[in-house]
Amino acid sequence: MDISIVIPLYNEEESLPELFAWIKRVMEAGGFTYEVIFVNDGSTDNSWKVIEALKAEHRETVRGIKFRRNYGKSPALFCGFQEAQGDVVITMDADLQDSPDEIPELYRMITEEGYDLVSGWKKKRYDPLSKTIPTKLFNATARRVSGINNLHDFNCGLKAYRKEVIKNIEVYGEMHRYIPYLAKNAGFTKIGEKVVHHQARKFGKTKFGGLNRFFNGYLDLISLWFLSTFGVKPMHFFGFLGSLMFIIGAIAVIIVGISKLYAMNHGMPYRLVTDSPYFYLALTSMIIGTQLFVAGFLGELISRNSTERNKYQIEKTI
Ligand code: UDP
Ligand code: MG
């Protein structure tokens, strides 16, 4: 099979028939063998009924996964990825904002130009300013942290992947915003971009409003960065900081001690050790240093028991 199209959806009943008809038109025009996997993320409207009706009409090409409740876009993508059989896997949103007309070119970039992942770039975007401005900021940070400098639009719903990529990454929580980073961490580094057409939402409204998504988005980015750099060697992070604190503490102790001894020996007036500011510096930094060390050891113990500890990306064995 050439193409699997994975579509996570939450309350998108109005869009689905039109979206499927459009995909079908494009796929047939290009002569592709394909499947469309609708992942119904606990919709409370009639989305599932619509999917069942599509399935009844197009047994061969339509597949559906129904979550019992709303888990989020990342879990929906994850489950769709597990089912996907096509050589190239396309993800797109269900709301008709992404155009199926882009699929043949995305497919070509993966199969002919050898990309592992091609992300859409909504260069001209039809969303309110309250969405587009924070998104710019978000993308700039994500580029820096991930080191994927050629992507303008990490969170574009329209992306294409070589099959190995989606079978070897685990999208969880709200990590769908950082799939290129996940892919890069798994060793898929040929990541490209294609400018795609974007349309205003035709039906319903956005499921990702509100400001807390940015806060959570940044926290997720920090977690990912931490996991990819120190995930299996937490002691390298905490041990370093702990040692640093310890050294600061030790220097402070030496200053306190020497200055008191010096004053005593030279018959100068001297203060109690506890009157010196260095005493408090020594005290706090040694306590913090010890705690960081303990955190490092705990982290090591946890990672030693983790099922991930020996999960490596093996491309080939012969
Ligand atoms: N979506 C989902 N689960 C959720 C929220 C959203 O599957 O909990 C789907 C949604 O139905 C759509 C896609 O994720 O197909 C992108 O959502 P939306 O269009 O609301 O995001 P926006 O384009 O506004 O960023
Ligand atoms: Mg949308």
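In this predicted model, seven strands form an open sheet with mixed pairing, in the order E3-E2-E1-E4-E6-E5-E7. Strand E3 (62-66) and strand E7 (191-195) are the edge strands, each pairing on one side only. Averaged over the sheet and with direction ignored, neighbouring strands are turned by 20° against each other.

At the E7 edge, strand E5 (residues 117-121) and E7 run parallel and are joined by 5 bridges. Val118 stands opposite Gly192 of E7.

Two helices can be placed relative to this sheet. Helix H2 (residues 47-57) packs on the sheet and touches E1, strand E2 (34-40) and E3. The direction of H2 makes about 150° with that of E3. Helix H4 (residues 103-111) lies across E1, strand E4 (88-91), E5, strand E6 (159-162) and E7. Relative to E4, H4 runs at about 140°.

The surroundings of ligand 1 come next. There are 17 residues around ligand 1, and those that come nearest are Pro8, Tyr10, Ala94, Thr206 and Lys207. Strand E1 (3-9) and helix H3 (73-83) are the elements that give two or more residues to this shell. By residue class, the shell around ligand 1 holds 6 nonpolar, 5 polar and 6 charged residues.

On the scale of the whole protein, the domain assignment gives domain 1 (3-230) and domain 2 (234-304). The C-alpha centres of domain 1 and domain 2 lie 50 Å apart.

Notes:
Residues numbered from 1 in each chain as written. Chains lettered and ligands numbered in written order. Predicted model: local features only at pLDDT ≥ 70, side-chain atom pairs only at ≥ 80, totals over all residues. Domains from an automatic or database assignment. Near = placed C-beta within 6 Å. Helix = DSSP H or I, 4+ residues; strand = E, 2+ residues; numbered from the N terminus. Nonpolar A, V, L, I, M, F, W, Y, C, P; charged D, E, K, R; others polar. Pairing = 2+ DSSP bridges. Axes fitted to C-alpha atoms, helices over the stretch in contact; angles between N-to-C directions. Contact = placed C-beta atoms within 7 Å.
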